[in-house]
Amino acid sequence: MDEGLHTIVAHDQVDTKHYGAVTIPIYQNSLFAFEDHESFDHAMKDVLAATVYSRGNNPTVQYLERKIAELESAEQARCFASGMAAIAGSLHALLRSGDHVICVDQAYGPTRQFLDELSNRYRVEVTYVDGCLLSDFEAAMRPNTRLIYLESPTSGLFQLQDLEGVAALAKRTSALTMIDGSWATPCFQRPLAWGIDLVLHSMTKYFSGHSDCLGGVVAGRADLIDEIANKGYMLLGGVMTSHTASLMIRGLRTLPLRMERHHRNGLIVAEYLEKHPLVNRVNHPGLPSHPQHALARKQLDGYGSLFSFETQVPVALLKKWADALRYFRIGVSWGGFESLVTVGSTPAGRNSTGNNPSVARLYIGLEDPQTLIDDIEQAFREIGQKTS
Ligand SMILES: Cc1ncc(COP(=O)(O)O)c(C=O)c1O
């Protein structure tokens, strides 16, 4: 990780406007009043920049947006009420009827659902591709391709896309590229440096880090962020509140520190599982056994701690195993301090062995990794499975 990121999140100039307060106050107000009508008229001419109404700009939220833009080396960023608000708002703003979108088929489910809605209602054409090979995108390109939507790694099978290759391909036809980078955060992946136009995150995950608030952000070129702000932020209204921004700023202060530990903890547990007799395969891009490990090493500086493993233990029994875990909670989402587990079936045709449907998705939190390994062992014993 670039050590400079620790400084970005920790350092501010002395804020003389707020009596030297070391953290930005919460501006809890919906509107901002003006001394005279002339200055009001002036502000209304540029509502994207001016502080007029909090469903536009709010100083606490703007502080957070500037910090994220700096972390992403982006010209601008916009924070939304949730990751989905950032995704839906951005897609809504950038796509028109008749446009074609290429999206990775393992993208977050509601993202796909939103694209399908755009397709059914507004004649936006969508092609889903596997995305592991650059040729998947080349083959799907059309003259009306407006956007290539990536999620790298994906959050079920942890497949990667070649960011540099896809960005170069899109630039040949002026298509835009957008990536959901929630898994890696700017600590471990800087998509704009590879030529991707827009990066978005569910801030509910690692940015918040404490499982206590929802948020989303999109960052990139100023003209694109302005277009999104105009047509997908102000009009749809899914904005971040100043209270949430304050919680996110608190989370941001320790994001690089926490990511270092998540990286380490996740790898320790993944490496242990890879040697486990009940495990067929571990889907973690940081393991040399991952089919795209070389690409992972090229475009990631570290690894998120969400991964999955496949096993011959039947799904029903694997759910009993999850019940027997003491340090992993059963639940969706990830990115907080606490370890999590969900059990399901590998999507059809996607499992490594061809006949094994059981998969567990683990999120490794900030606990002692040996405690988590011991817990996994005791839970396998509890369901009567031999572990050696
Ligand atoms: C990869 C990914 N992207 C986006 C989202 C949506 O974020 P939010 O729940 O903040 O709307 C999620 C939520 O689980 C996710 O896992």
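Angles of 65 to 115 degrees between helix axes count as roughly perpendicular. The views below come from a predicted model.

**View 1. Helix α4 crosses helix α9.** Helix α4 spans residues 83-94. Its axis and that of α9 make an angle of about 100°. That value lies within the 65 to 115 range, so α4 and α9 are roughly perpendicular to each other. The two axes are 8 Å apart. On the α4 side, the contact is made by Gly-89, Ser-90, His-92, Ala-93 and Leu-94. They meet Leu-224, Glu-227, Ile-228, Lys-231 and Gly-232 in α9. By class, this contact holds four nonpolar, four polar and two charged residues.

**View 2. Helix α9 lies across five strands.** Helix α9 covers residues 222-233. The strands it lies across are β1, β4, β5, β6 and β7. Here β5 is 176-180, β6 is 198-202 and β7 is 216-220. Relative to β1, the helix runs at about 25°.

**View 3. Seven strands build an open, mixed sheet.** The strand order is β1-β7-β6-β5-β4-β2-β3. Pairing within the sheet is mixed. At the edges stand β1 (76-80) and β3 (125-129). Each of these edge strands pairs on one side only. On average, neighbouring strands are turned by 20° against each other, direction ignored.

**View 4. Strands β2 and β4 run parallel.** Strand β2 takes in residues 100-104, and β4 takes in residues 145-151. Four bridges join this parallel pair. One bridge to look for links Cys-103 with Tyr-149 of β4.

**View 5. Strand β7 pairs with β1 and with β6.** The β1 and β7 strands run antiparallel and are joined by five bridges. Across this pair, Arg-78 has Val-218 of β7 as its bridge partner. The pairing of β6 with β7 is antiparallel too, over five bridges. There, Leu-198 has Gly-220 of β7 as its bridge partner.

**View 6. Both faces of β7 are covered.** Side chains of a regular strand alternate between the two faces of the sheet. In β7, Gly-216, Val-218 and Gly-220 point one way. Val-217 and Ala-219 point the other way. All of these residues are buried. The strand as a whole is mostly covered, with five of its five residues buried.

**View 7. Two buried cysteines stay unbonded.** A disulfide is a covalent bond between the sulfur atoms of two cysteines. The count of disulfides in this model is zero. Cys-79 is in no disulfide. Its nearest cysteine sulfur belongs to Cys-213, 11 Å away. A disulfide requires sulfur atoms within 2.5 Å. At 11 Å, the sulfur of Cys-213 is therefore too far from that of Cys-79 for a bond. Cys-79 is buried, with a relative accessible area of 0%. Cys-213 is buried as well, at 12%.

**View 8. Helices α10 and α11 meet obliquely**. Helix α10 runs over residues 242-253, and helix α11 over residues 255-274. Their axes are 5 Å apart and make an angle of about 55°. The two helices are therefore oblique to each other. From α10, the contact draws on Gly-251, Leu-252 and Arg-253. From α11, it draws on Leu-255, Pro-256 and Arg-258. The residues of this contact divide into three nonpolar, one polar and two charged.

Key:
Residues are numbered from 1 along each chain as its sequence is written. This is a predicted model: local features need pLDDT of at least 70, side-chain atom pairs count only at pLDDT 80 or more; totals for chains, interfaces and linings use all residues. Side-chain values use heavy atoms; hydrogens and water are left out. Axes are lines fitted to C-alpha atoms, for helices over the stretch in contact, and angles run from 0 to 180 degrees between N-to-C directions. Angles under 35 degrees count as roughly parallel, over 145 as roughly antiparallel, 65 to 115 as roughly perpendicular and the rest as oblique. Contact means heavy atoms within 4.5 Å. Ala, Val, Leu, Ile, Met, Phe, Trp, Tyr, Cys and Pro count as nonpolar, Asp, Glu, Lys and Arg as charged, and the others, Gly among them, as polar. Two strands pair if DSSP finds at least two bridges between them. Buried means under 20% relative accessible area, exposed over 50%, partly exposed in between (1.4 Å probe, protein chains only).
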